[in-house]
Amino acid sequence: MTIANTSYRLSIEQISSFNKNGHILLKGLATQDELDFFRPKIKNACKQLNKETRALEDRDTYSKAFLQTMNLWTQDPVVKSFVNPILN
């Protein structure tokens, strides 16, 4: 499954917000069926590619709250199929 390859216009405010904050919420970009399909696959990819091995009590506050996998879409083909229509 891939997400629908449809145009999604961004307002100048959304672009400015992205440039300032590094993220924006795009409502309606994916259907509920698409989210239901991809969510567990993205979570699984995050778990498999996560490099954090320290016990929770050994981490700083930030590392206790967040696990990061940079550019996940470049490392997992299913995640890429979700993100690719957005990037093109």
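Start at the second largest pocket: select Ile42, Cys46, Leu67, Thr69 and Leu72, the residues nearest its centre among the 13 that line it. Helix H2 (32-49), H4 and helix H5 (77-87) each give two or more residues to this lining. The volume of the pocket is about 330 Å³. A pocket here is an open set of points on a 1 Å grid over the protein atoms alone, where a 1.4 Å probe fits, with protein on both sides within 12 Å along at least five of seven lines; lining residues have an atom within 4 Å of a point. Grid points are joined across faces, edges and corners, and the volume is the space filled by probe spheres set on the points. Rolling a probe the size of a water molecule over the atoms shows where empty space is left.

A word on the model before moving on. This is a predicted model: local features need pLDDT of at least 70, side-chain atom pairs count only at pLDDT 80 or more, and totals for chains, interfaces and linings use all residues. Residues are numbered from 1 along each chain as its sequence is written, and side-chain values use heavy atoms, with hydrogens and water left out.

**Whole chain**

Switch to cartoon view. The chain has five helices and zero strands. From the N terminus the order is α-α-α-α-α. Helices (H or I, at least four residues) and strands (E, at least two) are DSSP runs, numbered from the N terminus.

Now show the surface. The accessible surface comes to about 7200 Å², and 54% of it belongs to carbon and sulfur atoms. Areas come from the Shrake-Rupley method with a 1.4 Å probe; for residues, only the protein chains shown count as cover. Of the 88 residues, 17% count as buried. Buried means under 20% relative accessible area, exposed means over 50%, and partly exposed lies in between (1.4 Å probe, protein chains only).

Contacts mean heavy atoms within 4.5 Å. Among those between residues at least 6 apart in sequence, 49% join residues at least 24 apart.

**Helix H1 and the segment before it**

Select Tyr8, Leu10 and Ile15. Together they make a nonpolar surface patch of about 240 Å². Patches are made of residues with over 30% relative accessible area and no salt bridge; like charges are joined within 9 Å, nonpolar side chains (Val, Leu, Ile, Met, Phe, Trp, Tyr) within 5 Å. Leu10 sits in the segment before helix H1 (12-21). Leu10 is partly exposed, at 39% relative accessible area.

Next, pick Gln14 in helix H1. What does Gln14 touch, not counting residues up to four places away in sequence? Its partners are Arg9, Ile24, Leu25 and Leu26. The C-alpha atoms of Gln14 and Leu26 are separated by 9.0 Å, with their positions twelve residues apart along the chain counted as the offset. Gln14 is partly exposed, at 23% relative accessibility.

**The salt bridges**

Select Glu52, Arg54 and Arg59, which are linked in a network of salt bridges. A salt bridge is a side-chain nitrogen of Lys or Arg within 4 Å of a carboxyl oxygen of Asp or Glu. By this rule the count is two. Glu52 meets Arg54 at 2.9 Å, N to O. Glu52 also pairs with Arg59, where the closest N and O atoms are 3.9 Å apart.

Which of these residues is buried? Arg59 is, at 17% relative accessible area. Glu52 is partly exposed at 22%, and Arg54 is partly exposed at 37%.

**Loops and helix H5**

Step to Lys51, in the loop between H2 and H3. Lys51 is exposed, with a relative accessible area of 68%. Measure across to Thr69: the two are 18 residues apart in sequence and 8.0 Å apart in space, C-alpha to C-alpha.

Asn71 comes next, in the loop between helix H3 (61-65) and helix H4 (72-75). Asn71 has a positive phi of about 50 degrees although it is not a glycine. Most residues other than glycine have a negative phi.

Finish at Val83 in helix H5. Is Val83 buried or exposed? Val83 counts as buried, at 18% relative accessibility. Val83 and Trp73 are ten residues apart in sequence and 6.7 Å apart in space, C-alpha to C-alpha.
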